Amino acid sequence: GAGGAVRVDGPRAFANLTACRLYNNTRVEGGGAAVIVLSGNLTMVGCTLHDNAATGATHAGGAMYVGGAGTAHIGAGCVLYSNSAADGPGGAIFIAGAAGLSVSLVGTALHDNAVAVAPYGGGALAVQGTGTLHIGACCVLYNNSAAHGAGVAIFIAGAAGLSVSPVGTTLHDNAVTGVGHGGGAVLKQGT
């Protein structure tokens, strides 16, 4: 099934995760090895997601996949590290959804996440569709990598929206590991 450890799916579905640890989950078909949100609401505070992998062809979001009309708030003290997407965008988190999809990060660290294969980007985060990603205060994104570049830390495609708080948010030491588009820490592509 979808979602190695947690699946939130349904208009009234919700999950509140506090001080949890989700690790070593693998998903061969699709993304979101640890968490998948297709509709409904997810809130995480003080959680650690590490060493999760989306390993199948064209699968995205090593740790988390947020799609459809879902919402996710990844709050203070959450850390996502050493997650990978073998053949898709979003080493740690992949967001793909319709209008109304919203993902926010506040006080969250994403580091040492990777996208291994070209042409995908977003070593830490990738957003496609018309959803919105908000990176709030005190987020840190570092040491994330993408083989093809294209927004090594954050890749935004299509009509997806992005807002970043300038308060205590840092992006550093993210790297392109092969020949690619570059894009530095953030690449916004499309309309």
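This report describes the nonpolar core, one strand residue, the salt bridge and the cysteines of a predicted model.

## Nonpolar core

The largest nonpolar core comprises 36 residues, and Leu 49 and Met 64 have the most contacts inside it. Leu 49 touches Met 64 itself. Beyond residues up to four places away in sequence, the contacts of Leu 49 also include Leu 22, Ala 34, Val 35, Met 44 and Ala 63. Further contacts of Leu 49 are made with Val 79, Leu 80, Tyr 81 and Asn 83.

## Leu 42 in strand S6

Strand S6 spans residues 41–45 and contains Leu 42. Leu 42 is buried because its relative accessibility is 1%, under the 20% limit.

With residues up to four places away in sequence set aside, Leu 42 touches Ala 15, Leu 17, Val 35, Val 37, Met 64, Thr 71, Ala 72 and His 73. Val 8 is separated from Leu 42 by 34 residues in sequence, while their C-alpha atoms are 7.2 Å apart.

## Salt bridge

One salt bridge is found in a search of the whole structure. The side chains of Arg 7 and Asp 9 form this pair, with an N to O distance of 2.8 Å. Side chains of opposite charge can pair when their charged atoms come close.

Both partners are partly exposed: Asp 9 has a relative accessible area of 41%, and Arg 7 has a relative accessibility of 43%.

## Cysteines

The count of disulfides is zero, the criterion being a pair of cysteine sulfur atoms within 2.5 Å. Cys 20 counts as buried at 18% relative accessibility, and Cys 47 counts as buried at 0%.

Notes. Residues are numbered from 1 along each chain as its sequence is written. This is a predicted model: local features need pLDDT of at least 70, side-chain atom pairs count only at pLDDT 80 or more; totals for chains, interfaces and linings use all residues. Side-chain values use heavy atoms; hydrogens and water are left out. Buried means under 20% relative accessible area, exposed over 50%, partly exposed in between (1.4 Å probe, protein chains only). A nonpolar core is a set of buried Ala, Val, Leu, Ile, Met, Phe, Trp, Tyr and Cys residues joined through side-chain atoms within 4.5 Å. Contact means heavy atoms within 4.5 Å. A salt bridge is a side-chain nitrogen of Lys or Arg within 4 Å of a carboxyl oxygen of Asp or Glu. Helices (H or I, at least four residues) and strands (E, at least two) are DSSP runs, numbered from the N terminus.
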